[in-house]
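Biologist: I should be grateful for a close look at a single part of this model, followed outward to the parts around it. Please state the cut-offs behind each term as it arises.

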Amino acid sequence: MADKGPFLTSCIIFYLFIGGAIFQILEERNWISARDTYIQKKEDLLRKYTCLTKENLNEILEVASQAAGQGVAITGEKHRNSWDWSNSVIFAATIVTTIGYGNVAPKTESGKVFCILYGLCGIPLCLVWLSTLGSFFGDRAKRLSQVLLRKGVTVKKVQFTLTALFLLWGLLVHLVIPPFVFMAVEEWSYLEGMYFSFITLTTVGFGDYVTGVNPNIDYPKLYR
């Protein structure tokens with residue numbers, strides 16, 4: 001096992017470098033375009049509103065940036081409370097599952113301290129629960145395999161059938177079907193819905209797409 005260490009380390013480093021290069025090729029041009037558009041629109045606003053100075057505009061943007069950093073919607077007139085009980089429960093779930101979308105985070109000192117303590121206890125508890133859940137499904141798979149074997153199905157066919165069933169179930173329930181729900185409720189594209197599902201399931205949780213936070217949508221109570 002120790003002999004594989006340097007090789008695996010080299011593989012990871014190589015994989016990261018290749019991934020970084022591809023992401024740079026795919027995304028850097030879009031970022032440059034967004035930056036140039038932002039600068040151009042700032043200049044357009046200054047020309048349109050002659051009474052507004054560059055310093056005034058930067059001050060307004062700073063206020064908006066600080067509000068957004070606190071989880072306050074900076075467009076429209078509706079302001080969703082990110083820290084009511086239901087949203088706080090959802091935030092707690094993102095801690096123990098290690099998803100951590102990043103769109104909501106504690107800002108107070110006491111909130112940060114509690115987040116650390118809560119995660120220290122909650123993450124192991126969630127891992128134990130997931131392990132128990134895995135054992136539950138494993139037992140059901142074992143019972144199903146025994147039933148199939150008693151009916152004369154070969155071991156290889158049983159293994160293939162069970163693997164196919166679990167993969168099909170996982171893909172349908174967690175990746176294929178949910179995007180249709182997000183298309184209907186969030187008005188996302190199918191790709192955006194699948195992207196969100198994948199980022200959530202893998203607990204990467206970038207936070208660029210989050211459900212139930214659009215202030216212009218009236219969500220069903222149990223949706224989130």
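Modeller: The account below starts with one helix and then turns to its surroundings.

This is a predicted model, in which local features need pLDDT of at least 70 and side-chain atom pairs count only at pLDDT 80 or more, while totals for chains, interfaces and linings use all residues. Residues are numbered from 1 along each chain as its sequence is written, and side-chain values use heavy atoms, with hydrogens and water left out.

The part chosen is helix α5, which covers residues 155–176. Helices (H or I, at least four residues) and strands (E, at least two) are DSSP runs, numbered from the N terminus. The 22 residues of α5 should span 32 Å at 1.5 Å a residue, and its end C-alpha atoms, 29 Å apart, agree with that value. The expected span is 1.5 Å times one less than the number of residues in the helix.

Which residues of α5 are buried? They are V158, L162 and L175. These residues lie on the same side of α5, because they cover an arc of only 155 degrees around the axis. The arc is that of the directions from the helix axis to the C-beta atoms. Here, buried means under 20% relative accessible area, exposed over 50%, and partly exposed in between, with a 1.4 Å probe and protein chains only. The face turned away from the buried side of α5 carries the exposed residues K156, K157, F160 and L167.

The buried residues of α5 have three helical partners: α4 (109–150), α6 (178–185) and α7 (190–201). Contact means heavy atoms within 4.5 Å.

The pairing with α6 may be described further. Two packed helices are described by the angle between their axes and the distance between the axes. The axes of α5 and α6 come within 5 Å and cross at roughly 15 degrees. Axes are lines fitted to C-alpha atoms, for helices over the stretch in contact, and angles run from 0 to 180 degrees between N-to-C directions. The two helices, α5 and α6, are therefore roughly parallel to each other; angles under 35 degrees count as roughly parallel, over 145 as roughly antiparallel, 65 to 115 as roughly perpendicular and the rest as oblique. At this junction, L172, V173, H174, L175 and V176 of α5 meet P178, P179 and F180 of α6.

The partner α7 has a buried side of its own. Its 12 residues should span 16 Å at 1.5 Å a residue, in agreement with end C-alpha atoms that are 16 Å apart. Buried in α7 are G193, F196, S197, I199 and T200. The buried residues fall within an arc of 170 degrees seen down the axis of α7, so they line one face of the helix. That set packs against α5 and α6.

Backbone angles in the connecting regions also deserve a remark. Most residues other than glycine have a negative phi, and most peptide bonds are trans. E187, in the loop between α6 and α7, has a positive phi near 65 degrees. E187 is exposed, with a relative accessible area of 66%. Just after α7, T203 has a positive phi of about 60 degrees. T98, in the loop between α3 and α4, likewise has a positive phi near 60 degrees; T98 is partly exposed at 39% relative accessibility.

Within the third partner, helix α4, lies C126. C126 counts as buried at 10% relative accessibility. Leaving aside neighbours within four places in sequence, C126 is in contact with V96 and T97.

The sequence record can be set beside this picture. UniProt positions use the numbering given here, feature names are shortened, and annotations may be inferred rather than shown by experiment. In an unreviewed entry, UniProt lists residues 6–26, 85–104, 116–137, 158–182 and 194–214 as "transmembrane region". In the model, residues 158–182 are 96% helix and 0% strand, with end C-alpha atoms 35 Å apart. Residues 116–137 are 100% helix and 0% strand, and their end C-alpha atoms lie 31 Å apart. The unreviewed entry also lists residues 78–137 and 172–211 under "domain: Potassium channel". The span 172–211 is 62% helix and 0% strand, with end C-alpha atoms 19 Å apart.
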